[in-house]
Structure formats: structure tokens, C-alpha cells
Amino acid sequence: MQVEVDESVTKLDCRVPPVLKQVPAQALSAAQMAPVVARSVASEVKTAGVAGTASGMAKSVYTKYELAAKELYSKYEPKAEQYAVSAWRKLNQMPLFPQVAQVVVPTAAYCSEKYNQTVVSAAEKGYKVSSYLPLVPTERIAKVFSNEVVESQPLASAGREADVAVY
């Protein structure tokens with residue numbers, strides 16, 4: 001069993017693009033910067049207050065990284081989707097994984113749906129932060145992981161506010 005897992009991981013590792021392999025290192029770097037950012041935020045909260053700081057930071061981060069994030073997402077999302085489906089199919093060939101998935105997948109779907117409902121509800125109540133929160137495309141995920149053919153369209157759109165308003 002361990003040998004099969006090692007072989008599967010090695011095969012999967014060979015197929016993952018180097019850019020996706022860099023993500024854990026980038027996450028570690030961001031985590032190491034967290035204390036510096038926390039001190040900066042604490043200082044800002046003292047001078048501008050909680051609401052002013054949160055609003056200003058959210059706007060700043062959103063405007064600074066929105067375009068770059070959308071470009072990266074649209075570029076790598078189709079490949080990441082293909083790798084996820086491939087990994088899912090390989091995992092389903094392993095002993096016991098299908099039984100575990102039968103327990104985990106419905107729970108994840110339920111939690112995703114509750115999250116989406118919360119974001120939509122927050123948008124309806126006028127909370128501005130909800131426009132920055134992405135919705136989980138549960139129907140698209142279900143189609144991708146089933147054997148159905150899915151038209152190639154990005155999971156994110158340019159107008160997030162419209163997405164929330166539609167739901």
C-alpha cells in the first residue's frame with residue numbers, strides 16, 4: 001500500500017507544473033511576514049480605528065492585486081482543473097479512497113453551499129466585504145468531477161458584485 005502511494009505521489013509530482021510547486025514556498029514566505037504585517041496593522045488600528053483600517057486595507061489589497069490575481073487565475077485554472085480531475089481519478093483507484101470520499105464529499109458540498117448562502121445573504125444585507133468573497137462554483141465542480149463534458153469557462157468573472165447580486 002505504501003509503495004503504491006509513493007509511486008502515485010511520484011507520478012503526480014512529475015506532472016505538476018513548477019509554478020504550482022512554488023505555491024507552498026510562497027505560502028511559507030507569506031506566513032513568515034505575518035508578524036511584521038500584524039504589527040503594522042495594529043499600529044494603523046491605533047491611529048485610524050478598526051473600521052477605517054479594515055476598509056482602507058481591503059480596498060488597497062483589492063485594487064493592488066485584483067488584476068494580477070485574475071490574470072493568474074484565468075491562466076492556470078484550466079490546468080489546475082485538469083490536474084485535480086486526474087488526481088481524483090487516480091485516488092479513486094486506490095483501496096478505501098472511494099469509501100472515504102463517499103463520506104467527505106457530501107460534507108464538503110454541504111459546507112460549500114452554506115458558505116455560498118452566507119456570502120449571498122451578507123451581500124443582500126449590504127455588507128461590502130461580501131463583494132470581495134468568491135462563491136464556490138458547486139455545480140461546476142460537480143460537473144468537472146463527474147464524467148460529463150464541461151464547456152471551458154473560467155470559474156471567476158470580472159464583475160464579482162454582479163455574481164453576488166444574481167444569486
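With which residue does glutamate 81 form a salt bridge? In this predicted model, the partner of glutamate 81 is arginine 140, and the closest N and O atoms of the pair are 3.1 Å apart. Glutamate 81 lies in helix H4 and arginine 140 in helix H6, so the contact ties together parts that are 59 residues apart in sequence. Arginine 140 also forms a salt bridge with glutamate 77, with the closest N and O atoms 3.6 Å apart; this pair likewise links distant parts of the chain, glutamate 77 being in helix H4 and arginine 140 in helix H6 (residues 138-145), 63 residues apart. The structure holds two salt bridges, and Glu77, Glu81 and Arg140 are linked by them in a network. Because buried denotes a relative accessible area under 20%, arginine 140, at 10%, is buried, as is glutamate 77, at 9%, whereas glutamate 81, at 22%, is partly exposed.

Helix H5 comprises 28 residues (residues 97-124), for which a span of 40 Å is expected at 1.5 Å a residue, in agreement with the 39 Å that separates its end C-alpha atoms. A kink of about 25° is nevertheless found in H5 at valine 103, shortly before proline 106. The buried residues of H5 include Ser112, Asn116 and Val119, and the helix is followed by glycine 126, whose phi is positive, near 90°.

The second largest pocket encloses about 370 Å³ of space and is lined by 15 residues, of which Glu7, Ser8, Val9, Lys11 and Lys90 lie nearest its centre. Helices H1 (2-15) and H4 (50-92) are the elements that give two or more residues to this lining, and H1 provides the largest share, eight residues. By character, the lining residues divide into seven nonpolar, three polar and five charged.

Definitions and conventions:
Residues are numbered from 1 along each chain as its sequence is written. This is a predicted model: local features need pLDDT of at least 70, side-chain atom pairs count only at pLDDT 80 or more; totals for chains, interfaces and linings use all residues. Side-chain values use heavy atoms; hydrogens and water are left out. Helices (H or I, at least four residues) and strands (E, at least two) are DSSP runs, numbered from the N terminus. The expected span of a helix is 1.5 Å times one less than its number of residues. The bend at a residue is the angle between axes fitted to the seven residues ending there and the seven starting there. Buried means under 20% relative accessible area, exposed over 50%, partly exposed in between (1.4 Å probe, protein chains only). On a 1 Å grid over the protein atoms alone, a cavity is a set of points where a 1.4 Å probe fits but cannot get out, and a pocket is an open set with protein on both sides within 12 Å along at least five of seven lines; lining residues have an atom within 4 Å of a point. Grid points are joined across faces, edges and corners, and a volume is the space filled by probe spheres set on the points. Ala, Val, Leu, Ile, Met, Phe, Trp, Tyr, Cys and Pro count as nonpolar, Asp, Glu, Lys and Arg as charged, and the others, Gly among them, as polar. A salt bridge is a side-chain nitrogen of Lys or Arg within 4 Å of a carboxyl oxygen of Asp or Glu.
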